[in-house]
Amino acid sequence: MAADRLRVLLVILVAIQVALCQDSVIKYQIMEGASVGTVIGDVAVDSGLLSDNPPSALQGIDYILLDDTGAFISSHPYFSINKDTGIMSTNAEIDRETLCPGQPLCEVNLDVAATSSATFFQVIGITLTIID
């Protein structure tokens, strides 16, 4: 019962943080055809999270992908993030036509939660441009 309430509270906090965090988005580019395991970027470093916060606030931090509703997801069909390091990489070969059919510009928007127990929580927006 308490775990369910905590889960609901976290989802609400994620939704609020996503709404407030739209002006701080990391932009990455990746080539179509990038193979499985291609490193896209270091979310922890590129977001400024490591430089903007005291080390004590970041102890035991986890990086977790979020779905469109702000809920934690364990996997994405194309992208993954290392829970401990914040390194984002590909889960599958990147096919622009599958990700963005008929679109002249292929951008994929993702959100990552950086969380450390109940002491730290931040949502980091990511825009991935797939280059043809």
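The exercises below work through the disulfide, the strand pairing, one buried residue and the salt bridges of this structure.

The model is predicted, so that local features need pLDDT of at least 70 and side-chain atom pairs count only at pLDDT 80 or more, while totals for chains, interfaces and linings use all residues. Residues are numbered from 1 along each chain as its sequence is written, and side-chain values use heavy atoms, with hydrogens and water left out.

**Exercise 1. Find which cysteines form a disulfide, and determine its handedness.**

Step 1: a disulfide is taken as a pair of cysteine sulfur atoms within 2.5 Å, and by this rule the count comes to 1. Step 2: the partners are C100 and C106, whose sulfur atoms lie 2.1 Å apart. Step 3: the torsion about their S-S bond is about 65 degrees, so the disulfide is right-handed. Step 4: C100 and C106 are both buried, where buried means under 20% relative accessible area, exposed over 50%, and partly exposed in between (1.4 Å probe, protein chains only).

**Exercise 2. Describe how strand β7 is paired, and decide whether β7 is largely enclosed or not.**

Step 1: strands (E, at least two residues) are DSSP runs, numbered from the N terminus, and two of them pair if DSSP finds at least two bridges between them. Step 2: strand β1 (residues 25-31) pairs with β7 in the parallel sense over 7 bridges, with Y28 standing opposite L128. Step 3: β6 pairs with β7 in the antiparallel sense over 10 bridges, and here E107 stands opposite T129. Step 4: 9 of the 12 residues of β7 are buried, so this strand is largely enclosed by the rest of the structure.

Strand β6 (residues 107-116) also pairs with β3, in the antiparallel sense and over 5 bridges, and L66 stands opposite D111 in β6. For β3 (residues 62-66), 4 of the 5 residues are buried, so β3 too is largely enclosed by the rest of the structure.

**Exercise 3. Characterise the surroundings of F120.**

Step 1: F120 belongs to strand β7 (residues 120-131). Step 2: its relative accessibility is 11%, so F120 counts as buried. Step 3: leaving aside neighbours within four places in sequence, F120 is in contact (heavy atoms within 4.5 Å) with L49, N53, A57, L58, I61, A114 and T115. Step 4: the C-alpha atoms of F120 and A57 are 6.4 Å apart, although 63 residues separate the two along the chain.

**Exercise 4. State the strand order of the open sheet of 3 strands, and identify its edges.**

Step 1: the order is β2-β5-β4, with antiparallel pairing. Step 2: β2 (39-42) and β4 (79-81) stand at the edges with a single partner strand each, so one side of each is left without a neighbour in the sheet. Step 3: β4 and β5 (residues 87-90) are joined by 3 bridges, and I81 stands opposite M88 in β5.

**Exercise 5. Trace the network of salt bridges.**

Step 1: with a salt bridge defined as a side-chain nitrogen of Lys or Arg within 4 Å of a carboxyl oxygen of Asp or Glu, a search of the whole structure finds 2. Step 2: K83 forms one with D62, the closest N and O atoms being 3.4 Å apart. K83 lies in the loop between β4 and β5 and D62 in strand β3, so the pair ties together parts that are 21 residues apart in sequence. Step 3: K83 also meets D84 in a salt bridge, at 3.7 Å from N to O. Step 4: D62, K83 and D84 are thereby linked in a network. Step 5: K83 is partly exposed at 45% relative accessibility, D62 is partly exposed at 22%, and D84 is exposed at 54%.
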